[in-house]
Amino acid sequence: DRGFLHIIKFSGIAVLAACRAHPSVCDRLVELFTQRDEANRRDTAERAAEMCKELAPLFAEVSLFKPFPMALINNMVCNMTISMHAPDACIFEVGDFADSMVLVATGAVALQTKHGVPVGTFGIGASFGEAALL
């Protein structure tokens with residue numbers, strides 16, 4: 001079993017069954033879950049605020065958004081989706097439905113034809129897919 005990751009998953013049904021069998025500890029369990037959930041929400045909100053501060057200036061340099069006031073850009077950035085991809089991961093394929101613009105925040109994105117022929121590279125601050133916004 002070396003080199004394998006072992007995961008044990010259990011569902012909310014398993015927790016509920018355990019609580020029914022041991023009701024005296026359920027209040028404490030609910031309290032712990034509530035505290036963890038609140039901490040996760042706080043951490044997520046703090047990380048999102050940090051990302052907004054870091055990414056808004058980068059977003060403001062995109063030619064499409066240069067004429068807009070910074071307040072509008074901050075609002076857009078704080079409501080966008082941020083995703084991470086492994087090196088050499090395929091983010092989009094030719095023919096995919098485009099429903100959003102992409103801004104490269106870190107790293108680089110290589111463009112290839114559907115046959116894998118390199119076409120170019122987008123680096124930090126580069127954007128593509130602007131037409132999907134219109």
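A pocket is here an open set of grid points with protein on both sides within 12 Å along at least five of seven lines, and its lining residues have an atom within 4 Å of a point. In this predicted model, the largest pocket is lined by 45 residues. Ile91, Phe92, Val102, Val109 and Phe128 are the lining residues that lie nearest its centre. The volume of the largest pocket comes to about 1,600 Å³.

The make-up of this lining is worth a look. Sorted by class, it holds 28 nonpolar residues, along with eleven polar and six charged ones. Helix α2 (23–60) and the strands β1 (102–103) and β2 (109–112) each contribute at least two residues to the lining.

Aromatic contacts come next, with four aromatic pairs counted in the model. One of them joins Phe92 and Phe128 in an edge-to-face arrangement, at 6.2 Å centre to centre and 90° between the planes. This pair bridges distant parts of the chain, 36 residues apart: Phe92 sits in the loop between α3 (70–78) and β1, while Phe128 belongs to strand β4 (residues 127–128). Phe128 also pairs with Phe122; their ring centres are 5.0 Å apart and their planes stand at 15°, so this pair is stacked.

How buried or exposed are these three rings' residues? Phe128 counts as buried because its relative accessibility is 17%, under the 20% cut-off. Phe92, at 43%, counts as partly exposed, and Phe122, at 22%, likewise counts as partly exposed. Elsewhere, ring pairs link Phe59, Phe65 and Phe68 into a cluster.

Key:
Residues are numbered from 1 along each chain as its sequence is written. This is a predicted model: local features need pLDDT of at least 70, side-chain atom pairs count only at pLDDT 80 or more; totals for chains, interfaces and linings use all residues. Side-chain values use heavy atoms; hydrogens and water are left out. On a 1 Å grid over the protein atoms alone, a cavity is a set of points where a 1.4 Å probe fits but cannot get out, and a pocket is an open set with protein on both sides within 12 Å along at least five of seven lines; lining residues have an atom within 4 Å of a point. Grid points are joined across faces, edges and corners, and a volume is the space filled by probe spheres set on the points. Helices (H or I, at least four residues) and strands (E, at least two) are DSSP runs, numbered from the N terminus. Ala, Val, Leu, Ile, Met, Phe, Trp, Tyr, Cys and Pro count as nonpolar, Asp, Glu, Lys and Arg as charged, and the others, Gly among them, as polar. Rings of Phe, Tyr and Trp (its six-membered ring) pair if their centres lie within 6.5 Å; planes under 30 degrees apart count as stacked, over 60 as edge-to-face and the rest as tilted. Buried means under 20% relative accessible area, exposed over 50%, partly exposed in between (1.4 Å probe, protein chains only).
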